[in-house]
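Here's a quick tour of a single model, going from a loop residue through the sheet to the core and the ligand. Keep the viewer open as you read.

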Amino acid sequence: MSTFLAQPRVLWSLVRGVSRHGSLAQRLNRFYGPQAEQYDETRLRLLHGRRLIGELVDLRRGDVVVELGAGTGATLDILGAQASRCREILLVDICEPLLAVARRRAREHGNVRVVEADATTFDPGLEVDVVVMSYTLTMIPDWFLAIDNAARMLRPGGQVVVTDFHVSRAEPMCGLRRQGFLARHFWPMWFGHDGVRPNPDHLPYLMARFDTTVLMDRAGGVPGLPWVRVPYYVYMGRKRG
Ligand SMILES: C[S@@+](CC[C@H](N)C(=O)[O-])C[C@H]1O[C@@H](n2cnc3c(N)ncnc32)[C@H](O)[C@@H]1O
């Protein structure tokens, strides 16, 4: 298992950051292109919420699942045997180098389709049982449109499953924990260079749009920086109606 520090190409991409020029897809292609093959091993010990998704989600036989911002399709490994129960799993992303890895992974599954599309506008053309967004909202400038789109494609009672880096509001909604000044300002600055923008409005907006079933507010380690812990959330909710 490798950290960013042992992967010069990955480290260089992170130091260079996401460029400000071109469309979102062009910027992401440039950022992830040099590190696509190392993406999985370097994110394993950073994206802690993904593991929890595997433990919390209970997919039923015949479910249609959409992952918005699926990247390399690593969620397939996290879902494990559950993935084979589904009628169809659609892995949607806008970044071609990561999708190339996802396509390779999808070959091992007869029920997985990889789609190059924008999470804010993608229309699966059928009713969906579960929408997953794993560390995706922080990378989408108009993240609220991705949540709206998830709600649009879900059947009534369908589930949204979201995990991402978390910063709290200075005055959080009822039930949400308040983070200190340093955490609220440090993480958006730290991640912002790489196009990742933790946003205190993710959870309030999800809670306003869905009936909440699971809400976890945790912190996990950062590879190579043993004294640092980065906050993340896991949210699950059902579409009303
Ligand atoms: C940090 S990665 C997470 C990938 C994967 N879900 C995981 O857990 O490893 C964020 C992903 O969001 C994708 N993304 C960003 N904006 C997007 C958009 N508007 N539409 C689709 N995908 C997008 C990126 O290309 C990238 O694959």
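## Arg87 and its contacts

Setting aside neighbours within four places in sequence, Arg87 is in contact with Gly62, Asp63, Val64 and Asn111. Bear in mind that this is a predicted model. To find Arg87, look in the loop between α6 (82–85) and β2 (88–93).

The Gly62 contact links parts of the chain 25 residues apart, and the C-alpha atoms of Arg87 and Gly62 are separated by 4.3 Å. So is Arg87 buried, exposed or partly exposed? Arg87 has 13 other C-beta atoms within 10 Å, and because a residue needs 20 or more to be buried and 12 or fewer to be exposed, Arg87 counts as partly exposed.

## The parallel strands

Just past Arg87, we get to β2. Here 5 of the 6 residues are buried, so β2 is largely enclosed by the rest of the structure. One partner of β2 is β1, with 5 bridges in the parallel sense, and Glu67 sits opposite Leu91 of β2. β2 also pairs with strand β3 (residues 112–116), again parallel and over 5 bridges; there, Leu91 has Val114 as its bridge partner.

Now follow β1 (residues 64–68) to β4: these two run parallel and are joined by 3 bridges. Val65 has Val130 of β4 as its bridge partner. β4 in turn is joined to β5 by 6 bridges, also parallel, with Val131 opposite Val160 in β5. Like β2, β4 is mostly covered, with 6 of its 7 residues buried.

## After β4: Tyr135

The loop between β4 (128–134) and α8 holds Tyr135. Its phi is near 55°, a positive value in a residue that isn't glycine. Tyr135 is also buried: it has 20 other C-beta atoms within 10 Å, and 20 or more is what it takes to be called buried.

## The nonpolar core

In soluble globular proteins, nonpolar side chains tend to be buried together. In this model the largest nonpolar core has 57 residues, and the ones with the most contacts inside it are Leu68, Val131, Ala146 and Ala150. Strand β7 (residues 225–238) gives the largest share of this core, 6 residues.

Leu68 is a good place to zoom in. Skipping neighbours within four places in sequence, Leu68 is in contact with Val92, Ala119, Phe122, Val131, Met133, Thr136, Ala146 and Ala150.

## Helix α10

Which residues of α10 are buried? In this helix (residues 202–209), they are His202, Leu203 and Leu206. Looking down the axis of α10, the buried residues fall within an arc of 90°, so they line one face of the helix. An α-helix has 3.6 residues a turn, so residues three or four places apart point the same way.

As for what sits over the buried residues of α10, the cover includes α8 (143–153), β5 (154–165) and β7.

## Around the ligand

Last stop: the ligand. There are 21 residues around it, and those that come nearest are Gly69, Gly71, Cys95, Ala119 and Ser134. Ala119 is also one of the contacts of Leu68.

What kinds of residue make up the shell around the ligand? The split is 12 nonpolar, 5 polar and 4 charged.

Notes: Residues are numbered from 1 along each chain as its sequence is written. This is a predicted model: local features need pLDDT of at least 70, side-chain atom pairs count only at pLDDT 80 or more; totals for chains, interfaces and linings use all residues. A residue is near a molecule or strand if its C-beta atom, placed from the backbone, lies within 6 Å of it. Ala, Val, Leu, Ile, Met, Phe, Trp, Tyr, Cys and Pro count as nonpolar, Asp, Glu, Lys and Arg as charged, and the others, Gly among them, as polar. A nonpolar core is a set of buried Ala, Val, Leu, Ile, Met, Phe, Trp, Tyr and Cys residues joined through C-beta atoms within 7 Å. Helices (H or I, at least four residues) and strands (E, at least two) are DSSP runs, numbered from the N terminus. Two residues are in contact if their C-beta atoms, placed from the backbone, lie within 7 Å. The arc is that of the directions from the helix axis to the C-beta atoms. Two strands pair if DSSP finds at least two bridges between them.
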